[in-house]
Amino acid sequence: MRSTGQDFLNGRGQTMEIGILETRYTDFCRNCGSTPNDSILLAFAKAKLLKSLNEACILEINIDKVTEIDFAPLTAVFSLVNLSEVVAVDVLHTSRCIIVNGQGLLTLIRCIGPKLRTVDLKGVSLGKDALRDLLERGLPCQILNLSSCRTRKLNMTGQFLALHTMNLDFNVYVTNLPEGCFSYMPKLRRLSMCETRIANFWTTVAALSRLPSLSELRFQNCLCCNDTGQCPLSSTEKTNSFIQESHSLNQACKAWCMEWSCIDHDSVRFPDSESSETDIEAFHDIFSDDESIMRHHLVHSSGEDSSDESVGELQFHLRESIPLEDSLADIQQTDFLGNLSRRGNGITDMDFNDANTFVRQFVQVGAEERLFVTDEVFSSRGDGLMSIRDRGMQGNISDVSGNSFGNTVSLDAFYDAAETSTLLRASAISNGEGTSGDELNNEDSVMPAGIALRRNASHHPSSICFEKNYREFMIASLPGLKVLDNLPVTQLERERARTVFEQYFESLPYNRREKENVFNILKGRETGIGSGILFPCKRKRLGTSNGNAISFSRSICAAKMASCAWPATYPISKLKRNSTENSTDINKKFRPRQFEYHPSDASLMVFGTLDGEVVVINHESGKIVGHVQSVGANHSILGLCWLNKDPSKLIAGSDNGTLQLYDVNRMRSTVLLSRYGAGSSSRNPATYTYEEFEQLTSVHINATDNYFLASGYSKHVALYDVCSGKRLQVFEDLHREHINVVKFAHHSPYLFATSSFDQEIKMWDLRQKPTHPLYTTTSLRGNVMVCFSRDDHYILSSAVDNEVKQHLAVDGRLHMKFDIAPTGSAQNYTRSYYMNGRDYIISGSCEENVVRICCAQTGRRLKDLALEGRGSRSSLYVQSLRGDPFRDFHLSVLAAYLHPESKSEILKINLLSSDVCCKDHNFDLQYLPLSGMGG
């Protein structure tokens with residue numbers, strides 16, 4: 001009969017002793033026919049030693065030496081831990097990377113129950129299934145280390161109810177935090193995610209907002225810190241000693257500068273590669289690594305009775321500063337999990353006023369102290385410090401006012417700048433968070449956090465750290481955050497973060513300030529009052545103004561988007577050819593290259609493929625309406641344009657120069673007949689075949705359907721008559737380089753714009769001889785495309801590498817330049833279009849997987865959409881995109897995979913619906929028009 005833990009409890013209800021638990025382990029091993037593991041016996045011995053020292057009895061299990069044969073007895077003994085005097089169990093490992101039976105290890109760990117404290121699985125290869133099980137089911141531990149776990153999707157939806165510290169560093173395959181991540185971690189206070197590929201502000205903040213207790217976060221770490229807490233050398237407890245040391249240092253610097261000014265500079269040589277050891281050692285004396293020598297020189301150089309001999313002793317040569325990494329190389333690193341309250345040594349910062357003023361740094365590494373006198377030190381070296389020799393001390397040195405002194409140091413400027421910097425920094429530290437002192441009211445009195453981070457030698461940054469305004473966005477979006485990247489979040493910085501956020505970002509569409517509930521908005525519409533927005537009463541519905549209707553619609557959109565951080569995304573081009581076609585092509589999917597929404601039928605879309613096919617689909621039902629193979633072989637459809645007055649016709653142009661007018665009704669009949677085996681009797685869908693335009697890239701028709709234009713890899717534009725099928729004229733040499741896109745205005749049948757890689761956008765009028773444009777606007781790089789707003793009030797230009805501008809269509813004046821960071825690539829072709837009429841613009845580039853949404857009037861960023869593929873070949877980029885002309889905050893993106901064997905696809909994105917709501921649905925059925933040509 002198998003005994004239980006109750007057999008070992010005495011009558012007084014005492015818990016099982018650690019020695020009895022060890023005995024039970026050996027008994028279990030004997031019953032299983034295995035030998036007790038030496039590492040487990042050692043763990044019991046350590047626990048008994050702790051008990052003998054009257055310390056907490058903690059059992060540390062090292063899984064490096066644990067094999068599968070040990071799982072059975074360990075599982076049995078761990079089931080008794082909760083009845084024993086063991087306070088906590090830590091599951092650790094010391095090897096760099098080990099492979100274990102993942103499922104068996106998880107079963108073993110979960111047997112420990114609520115006394116499980118630390119689980120360190122850094123670099124442990126659990127296997128795909130076991131890792132998914134851990135993330136989706138959770139663990140009862142308090143501290144969890146999953147760094148370097150090699151997961152691609154961090155779907156942490158499991159219950160981690162006791163977890164307060166988690167390390168997810170070095171998961172380099174993680175690009176995004178999925179919906180549901182961090183849902184059940186109510187006690188998590190410390191989170192580290194250094195060196196990941198997470199880059200999206202909005203989904204990251206949405207996931208982190210689910211952590212009510214989160215106070216310490218880092219996406220990059222200070223060199224001297226091994227946990228998420230505030231760097232110890234910036235704590236307020238060091239203020240007094242900081243001020244005293246700083247004052248002494250300033251006095252020393254003042255005396256040093258006075259003595260330096262007396263030196264005959266012509267006789268002073270600066271060390272270089274040819275300097276002797278004696279020259280170098282002379283300078284080493286004053287900046288010695290030895291603390292006693294350093295103190296000696298500080299005392300003697302600050303005395304009032306300096307003799308001529310002492311001045312002569314100061315005729316030294318400047319030596320190169322020691323890089324920060326070398327200075328910190330010998331610092332003992334503490335473990336992230338085991339030493340949460342301790343910190344390593346590092347830098348004590350002394351703040352500066354401005355990048356153009358002197359910076360004085362007092363670097364303290366253990367007992368070592370070094371002084372650096374630098375000017376704009378934070379730009380030239382990777383370690384954040386520029387040595388005096390790097391500056392050469394031979395160029396000009398500027399004082400606070402910018403005056404140049406050559407090799408002569410201004411005493412007043414040097415001392416004032418150093419003293420002011422030190423006192424301001426000390427004042428900021430002593431006032432602390434929430435201080436409203438006069439010193440903190442000065443914007444220059446506190447060092448910017450970004451520069452402080454660089455001075456603190458930040459390492460292992462995640463991709464999100466390189467995004468502009470990263471720190472301000474995180475602080476403004478996470479009000480409970482107290483420490484970010486090992487730097488404290490002060491009240492002053494939080495106020496600045498809110499200011500920066502309001503300047504560059506929109507928290508909600510249409511500048512809505514607060515999140516609203518859809519039910520409250522609808523209730524307000526019925527009653528006439530709601531959430532600060534006045535709606536007409538129900539009895540006055542007939543008199544509703546258009547302005548109130550727009551305001552109501554915008555409020556609904558803002559409320560829906562606030563609850564949809566992960567928009568609904570699903571493909572619409574993964575359709576197969578008709579079953580009666582060539583049997584080799586039955587299961588072959590389309591490879592879209594270009595697409596366009598229908599201008600008047602909300603259900604239709606046309607796309608052209610890399611194989612020369614023109615396909616009309618109902619993007620709501622997912623059915624093919626029409627399908628035709630264009631003339632020629634081995635070509636791609638690059639130009640597509642619907643007619644405005646005749647909704648059943650469209651023009652398609654391919655890169656081989658072919659231009660054809662298609663009738664969708666004939667394409668529909670072709671599909672129906674081929675479906676029933678009568679494809680031979682179908683009519684030709686092509687109404688006209690126009691004269692070819694070589695190397696075509698773009699076609700566009702005017703507002704009255706009389707003419708259309710074609711452009712391509714040439715400097716010319718061709719004008720065609722739609723009805724007669726004739727080419728009327730070729731406008732030659734409109735640009736100095738090839739014209740990528742040509743666009744007619746939406747309302748004027750004569751105005752059109754051209755964009756060229758000669759960096760110019762030009763506006764033309766067909767009523768005038770196109771020898772001179774109406775106006776020309778320029779970009780810094782080649783222009784990829786141009787388009788008009790729906791009301792023709794603006795034109796939107798997109799140049800290479802995220803240079804997006806909005807101009808007034810009437811005269812070309814610059815109205816808005818959108819702040820989108822460039823990548824530095826000359827092949828990062830950017831395309832931008834309008835969404836929601838002309839309220840917002842959407843922009844994407846061919847070397848990035850991000851769609852950026854910006855307000856067209858303010859330029860502020862509303863959201864970034866990161867596209868994610870499926871499987872191992874999941875690297876996507878944006879090839880083209882369009883805003884849905886009928887639905888606000890709906891768009892479609894032509895996404896292409898980087899892998900050559902993967903096919904491109906058109907993705908529909910609904911910003912007003914969550915991705916979870918659409919997982920069980922293939923298509924969006926929220927909008928169904930009353931009539932249309934949908935299949």
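## Strands, cores and confidence in a predicted model

In strand β45, N910 is the bridge partner of A568. That pair is a handy way into this predicted model, so to speak, and the strands around it come next.

β45 covers residues 905-914, and five bridges join it to β18 in an antiparallel run. Zoom out and you get an open sheet of four strands, ordered β18-β45-β44-β43, with antiparallel pairing. The edges belong to β18 (567-571) and β43 (876-883); each has a single partner strand, so one side of each has no neighbour in the sheet. On average, neighbouring strands here are turned by 30 degrees against each other, direction ignored. As background, strands of a sheet pair through backbone hydrogen bonds, either parallel or antiparallel.

Now for a hairpin. Strands β21 (residues 613-618) and β22 pair in the antiparallel sense, with six bridges between them. Within that pairing, V616 sits opposite G626 of β22. Four residues lie between the two strands, and G622 takes a positive phi near 80 degrees in this hairpin. How enclosed is β22 (residues 623-629) by the rest of the structure? Largely, because five of its seven residues are buried.

On to the nonpolar cores. The largest one has 86 residues, and M156, F182, L191, L208 and M474 have the most contacts inside it. Helix α6 (residues 201-208) gives the most to this core, contributing six residues. Take L191 as a sample: beyond its neighbours within four places in sequence, its contacts include M166, L168, F182, L208 and L211. The list isn't purely nonpolar either, since E216, R218 and T228 are also among the contacts of L191. Apart from the largest core lies another, of 39 residues, including V741, M785, A895 and Y897.

Finally, how far does the predictor trust all this? The mean pLDDT of the protein is 74, and 65% of the residues reach 70 or more. Among the elements, the lowest and highest mean pLDDT both fall on strands:

| Strand | Residues | Mean pLDDT |
|---|---|---|
| β12 (lowest) | 368-375 | 32 |
| β37 (highest) | 803-808 | 98 |

Two stretches deserve a mention here. Over residues 236-244 pLDDT stays under 50, and the model has 13 contacts beyond four places in sequence for them. Residues 920-935 also stay under 50, with 43 such contacts in the model.

How values were computed: Residues numbered from 1 in each chain as written. Predicted model: local features only at pLDDT ≥ 70, side-chain atom pairs only at ≥ 80, totals over all residues. Heavy atoms only, no water. pLDDT = per-residue confidence, 0-100. Contact = heavy atoms within 4.5 Å. Pairing = 2+ DSSP bridges. Axes fitted to C-alpha atoms, helices over the stretch in contact; angles between N-to-C directions. Core = buried A, V, L, I, M, F, W, Y, C linked by side-chain atoms within 4.5 Å. Buried < 20%, exposed > 50% of the residue type's maximum accessible area, 1.4 Å probe, protein only.
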